[in-house]
Amino acid sequence: MVASSVLGFPRIGANREVKKAVEAYWAGKISVDDLTKAAADVKKTSWTSIKERGVDFVPSGDFSLYDHVLDHSAAFNVVPKRYVGQGLAPIDIYFAMGRGRQADKVDVPASEMKKWFDSNYHFVVPEVSEETEFKLNFNKAVEEFKEAKAAGVTTRPVVLGPVSFLVLSKASKEAPAGFQPISLLPKLLPVYKTLLTDLKAAGAEWVQIDEPILVLDTASALEKQYTTAYEALSPIAPKIMLTTYFSRLDSNVSFVAKLPVAGLHIDLDRAPGQLDEVLAAVKPTSIVLSLGVVSGRNIWKADFAAAIKLGQKAIDSLGADRVIIATSSSLLHTPVTLASEKKLTAEQKDWFSFALEKAAEVATIAAALSGSQDAAVTAALEANKVSIAKRREFESTSDDTVRKRVAAITPDQLERKSPFAVRKEIQAKHLNLPKFPTTTIGSFPQTKEIRQARAKLGKGEITTEEYDDFIKKEIETVVRFQEKIGLDLLVHGEPERNDMVQYFGEQLNGFVFTQNAWVQSYGSRYVRPPIIVSDVSRPGPMTVRWSSYAQSVTEKPMKGMLTGPVTILNWSFPRADVSRELQSKQLALALRDEVIDLEKAGISAIQVDEPAIREGLPLRRSDWDAYLKWAVDSFKLSTAGVTDQLQTHSHFCYSDFDDIFPSIQRLDADVISIEASKADMKLLNTFKQYGYSNQIGPGVYDIHSPRVPGEQEIKDRLASMLAILPDSLLFVNPDCGLKTRGWKETEASLVNLVAAAQWARQTY
Ligand code: GLN
Ligand code: ZN
């Protein structure tokens, strides 16, 4: 018999119950008990509904109120000193680590967040040093295993593996230079031993141990650590399903197949090519192979025939009892259920599968491979064949105008007319900005009133005219506010945008939208990625009207605001039938037209945000060049169609790009703003080392937390930046958009920012 498995599930709940409860708890509106209850209900529903779909291995322990890596840190006592001894309850320490805390005399910033591999999910980075005293504060794996059992579901608990946990950690401030978190493995293993011993005692037959680090190039140097860890753990643990995802094992398979584990999971959605090599490596062992054939990263219905073919190949080599059909990764990156979508057409609905539907898919594929004659299985196979055929037919249609335009792109379309040094002079005259110009990243607080107005428009309770008037007033308020506090390069505040990707998708051809398809980005922040289903083009201007309105109410220069092609692509669910490169270039052409239209309308600075350019980077280095070529070309294509006097900006929400620096340079944006508030000054040294000569706005404070940075704190930050960067290059700005913030902290923070910039003008 071929078994089926799901590696992890969305945490939000079909009706966003968890998000709402977490936010209500933060607001002091509900108690810890209420929060626990809301979470328990959602977990129970997930477990039972996955089981009802016929899945053999149902995950538990993957649920989280904020982030699963943070859960491990809290459980292992990896809690930085700054959060301890402040009189906070454990749950509040946990949330303080995730999002910072500023209340009742407690003032601590959030821990650093990083992207989870190549996804748009962010994890809270654990901080460790030789002083870290690992101990098991609580055993979430056991607790949730029991909780599921009580709900009638025997699960396969999910635990993040010790090697991945440490490799994802960073050295804390106290650690000596050169300290490597992985050196703590011998100290951490006893805690895992306790965790897994208890799990076995609680009756778990299997445990899923995630070691996603194994798909990275760096894992090849970790053979010794992996061997040590799994030799220590497997004798005392339940049967270990060693789980990898998002890319391929490549040469690491040679040592992975020798580890004393009972099972190995590989991602055949992202890396179908690895099957042969992995089969050859595990064949002589007794390892059960779990095949990730149903995508945990996309929303397209699985092609059963193709999955069955892969499954059969594995069965022919290993026998049915050694094969499991699984989702490629956790379904965390997909929405809960298609059943919540009321507005998709029947044709569209037939193309997609969300998490619950995917659970049914793995069960059906496994049943088919087990030779099931069950009528329901036969019917599901037949229905899938029909759906896939219909989708292929739809995919064969194309927009020839766009296809031809992409084919005709020439190298000169990617370059500005003059080099940066020339442009800089022209722009200085045109924009007339002071030294250390202050600006923001685009959005201002998306208040309840703004969201309500949008909802009312959606329901037809107000007219488009009334809505437009409302937006105009919001823009004017934001403009007046910026004038009042003395910002130099203004923005319109983006009140008209529901989301930086959705807003553009809605105005482009080729996209489909959902009502309820929320996917976690970080903490309680969820996004609703649009779906690209066909060729993309721009029927007309998208932002010109609002940007020119904003410019019309002020003498100060207004910065136009667009989301870049690579980010729109990465934060959408892409098509699976054509390359990402083609989709990105189609988006770039649409944005190029928009940029040109904005300049014609009198806008003199335009920011094209590309926060996702790094996230889209393939996990294996050998795939980088090809990606970076088309990604950077796409950005350049969208921004290079303007005159020298237009100042282009770009924004990235992260700062580790030491390793892709030449590509950042090749973007040739006049100004780039980056996150530098949490990531020390390492990055600025990289700019210096490469002799980066365009302008830079390293974020001077962290907007991901409600905490207000003091004026002195910002001055100190500017001073340390100016110790590295030439003063002619520096812009002063927060590290990201302000849409998730309230007005109170926004005003206080920006006033301090402007004061710090004024101080810098006098001091440097
Ligand atoms: N302009 C966008 C904003 O300010 C950028 C957001 C982002 O980089 N994530 O909201
Ligand atoms: Zn950002």
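Which residues are the closest to ligand 1? In this predicted model, the closest are I441, G442, S443, P611 and G737. They belong to a set of 13 residues that surround the ligand. By class, the shell holds six nonpolar, four polar and three charged residues.

The overall fold was examined next. The chain contains 27 helices and 23 strands. Its radius of gyration is 26 Å, and the globule rule gives 27 Å for 764 residues, so the chain is as compact as a globular protein of that length. Along the principal axes, the C-alpha atoms fill a box of roughly 75 × 60 × 50 Å. Of the 764 residues, 51% count as buried. Contacts across long stretches of sequence are frequent: among contacts with a separation of 6 or more, 79% join residues 24 or more positions apart.

The interior was then considered. In soluble globular proteins, nonpolar side chains tend to be buried together. The largest nonpolar core of this model has 212 residues. Within this core, V207, L291, I325 and V362 touch the most other members. Helix α13, residues 355-369, supplies the largest share of the core, with ten residues. The surroundings of L291 illustrate the packing. Beyond four places in sequence, L291 is in contact with I266, L268, L310, G311 and A314. The stretch V323, I324, I325 and A326 also contacts L291. One of these partners, I325, is itself among the four core residues that touch the most other members.

Helix α22 was checked for its length. This helix covers residues 580-600. At 1.5 Å a residue, its 21 residues should span 30 Å, and the end C-alpha atoms are 30 Å apart, so the two values agree. Just after α22, G602 takes a positive phi of about 95°.

Positive phi values also occur outside glycine. F246 has a phi near 80° and is not a glycine. F246 is found in the loop between β11 (239-243) and α9 (253-256). This phenylalanine is buried, because 23 other C-beta atoms lie within 10 Å and the cut-off is 20 or more. F436 has a positive phi of about 50°, again in a residue other than glycine. The place of F436 is the loop between α16 (420-431) and α17 (448-459). F436 is buried too, with 22 other C-beta atoms within 10 Å.

The loop between α16 and α17 also holds T447. Here the environment is more open: T447 is partly exposed, with 14 other C-beta atoms within 10 Å. This count falls between the limits of 12 or fewer for exposed and 20 or more for buried. T447 and L730 are 283 residues apart in sequence, and their C-alpha atoms are 31 Å apart in space.

Three further loop positions were compared. F9 sits in the loop between β1 (3-5) and α1 (17-26). F9 is buried, with 29 other C-beta atoms within 10 Å. Outside its neighbours up to four places away, F9 touches S46, I50, P59, D62, L331 and A355. Of these, A355 falls within the residue range of helix α13, 355-369. F9 and H333 lie 324 residues apart in sequence, yet 8.4 Å separates their C-alpha atoms.

A517 occupies the loop between β15 (509-512) and β16 (519-522). A517 is buried, with 24 other C-beta atoms within 10 Å. Leaving aside neighbours within four places in sequence, the contacts of A517 are P335, F354 and R528. The C-alpha atoms of A517 and E130 are separated by 43 Å, with these positions 387 residues apart along the chain.

K135 lies in the loop between β7 (127-128) and α5 (140-150). Is K135 buried or exposed? K135 is exposed, because 12 other C-beta atoms lie within 10 Å and 12 or fewer is the limit for that class. Beyond four places in sequence, K135 is in contact with N77 and V191. K135 and G8 are 127 residues apart along the chain, and their C-alpha atoms are separated by 25 Å.

Methods:
Residues numbered from 1 in each chain as written. Chains lettered and ligands numbered in written order. Predicted model: local features only at pLDDT ≥ 70, side-chain atom pairs only at ≥ 80, totals over all residues. Core = buried A, V, L, I, M, F, W, Y, C linked by C-beta atoms within 7 Å. Helix = DSSP H or I, 4+ residues; strand = E, 2+ residues; numbered from the N terminus. Contact = placed C-beta atoms within 7 Å. Near = placed C-beta within 6 Å. Nonpolar A, V, L, I, M, F, W, Y, C, P; charged D, E, K, R; others polar. Expected span 1.5 Å × (residues − 1). Rg over C-alpha atoms; globule rule 2.2 N^0.38 Å.
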